[in-house]
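Biologist: Before we start, could you take me through the model feature by feature, giving me the general idea each time and then the case at hand?

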Amino acid sequence: MKIPVILATNENYAGPTATTIKSIILNRNLNDEYVFHILHTDLCEDIQNLYRSMNETNVSITCVDISKYIEKVKDLKCRYLTRETLYRLFIPEIFPMYDKVIYIDGDTIVLSDIAELYTTDVAGFVFAAAMDGPSQLSVTHYGAFMDSTPDENFCAGVLVMNIQEFDSSIKDKCIELLLEDSKLENRKMIYMDQDALNITCYNRVKKLDITWNYQVSLVCSDPEYDFILKEYRSVFIEARDKVKILHFSGEIKPWLFPGSPYSDVFWKYANLTPFKKKIHEKRIAQQQCLKEMFPYWNIELNSKVAIYGAGNKGKSLNYDLKNTAFADVVVWVDKNPADKGEDVKAVEEMKHVNFDRVIIAIENETYAKQAYETLVAMGISEEKIRWEFERKAPWR
């Protein structure tokens, strides 16, 4: 069976999109053929070559420049959403050779064989989609422009599209709605084409189980699931252990916030892509701008590091490094290791371990200076020592 999978991206999203593809590849049925088409308008040849390097047996990846199709919408954007989200509107026009395709956002991780999703029968429907998070916020949002129940509103991040049913009139109506909305001072369609598709395809959408589009941002911000309307809460709780696709919708992305829920799942696949370095570089640039966490630009990717300090900063750094596999933590030490857990060793253990850098994970400048002096007295080169706040340390 041939499974066409279509994604849309730009250079900023190239790494996460590759991670989505990698998760599909690693969870595929080896007897099926998986054909990936990446829609774009600005990917450089180097990035396209990285995608092509991911080709395997029964896996093909092509990049499709759709600049000529998007003239009317090229300047549309809203909040954190960019025009790439609109590219799915053009899929039936670009790929008439298929009867149906899977469209999937590039901020997802697929944990099951996507061929199962492809077998969804969409006869008589425009596409199949899972409901959007049924919250009071979504009721207010969709209620501003349509009369629907919460379980009728869908998230467009994962679709099984019926190419024949998704005719040009749907695309044209969506674009018309979006252009009208873009003129408003207080825009209603903040989810752009998802909102337009909810309007134009009302009552023409087959419901997918939410395990096929489990939106992390909707459920992980609240362990009790109180954000979800009470009558739908049990559905999300029951789906939690059966997730087939994780969707990192919203502004908290795992490649920028490694401590966020399910970020370890993202990094598991991201570190297996040829985009690993680019994904880390993007995260480092973001953290440097925000002055968040440790200044990773001062240590090297894949280097061996020792962590000095097992307080909150040390715990956070150890988790971050192990979660992202940015560097290999070869030893974690503290001045008082006895009550810090079995992973934390005495400072003297550093004498028996080879490392490229030692990170002082101590926020207090006085204590950090003491740790620095201890390390130097042990004969550790000053060039190897890094401190989170070293740019303002007068003793460096």
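Modeller: Helices and strands here are DSSP runs, H or I of at least four residues for a helix and E of at least two for a strand, numbered from the N terminus; by that reading, Asn302 lies in the loop between helix H11 (276-290) and strand S11 (304-308). Please keep in mind that this is a predicted model, in which local features need pLDDT of at least 70 and side-chain atom pairs count only at pLDDT 80 or more, while totals for chains, interfaces and linings use all residues. Residues are numbered from 1 along each chain as its sequence is written, and side-chain values use heavy atoms, with hydrogens and water left out.

Biologist: Is Asn302 buried or exposed?

Modeller: Buried means under 20% relative accessible area, exposed means over 50%, and partly exposed is in between, using a 1.4 Å probe and protein chains only. Asn302 has a relative accessible area of 52% and is therefore exposed. Its backbone deserves a look as well, since Asn302 has a positive phi of about 70° although it is not a glycine.

Biologist: Where does Tyr262 lie, and what is its phi?

Modeller: Tyr262 belongs to the loop between strand S10 (245-247) and helix H10 (263-270), and its phi is positive, about 65°, although Tyr262 is not a glycine. With a relative accessible area of 27%, Tyr262 is partly exposed.

Biologist: Turning to helix H5, which residues does His141 touch?

Modeller: Contact means heavy atoms within 4.5 Å. His141, which lies in helix H5, touches Lys188, Ile190, Tyr191 and Asp195, not counting residues up to four places away in sequence. Because its relative accessibility is 12%, His141 counts as buried.

Biologist: And how should I read Val139?

Modeller: Val139 is also found in helix H5 (residues 136-143), but it counts as partly exposed because its relative accessibility is 33%. Leaving aside residues up to four places away in sequence, Val139 touches Pro150 and Leu229. The C-alpha atoms of Val139 and Phe125 are separated by 24 Å, these two residues being 14 residues apart along the chain.

Biologist: Which residues touch the most other members in the largest nonpolar core?

Modeller: A nonpolar core is a set of buried Ala, Val, Leu, Ile, Met, Phe, Trp, Tyr and Cys residues joined through side-chain atoms within 4.5 Å. The largest one has 55 residues, of which Val5, Ile21, Phe36, Tyr51, Ile114 and Leu117 touch the most other members. A second, separate core of 40 residues includes Leu81, Leu86, Met161 and Ile170.
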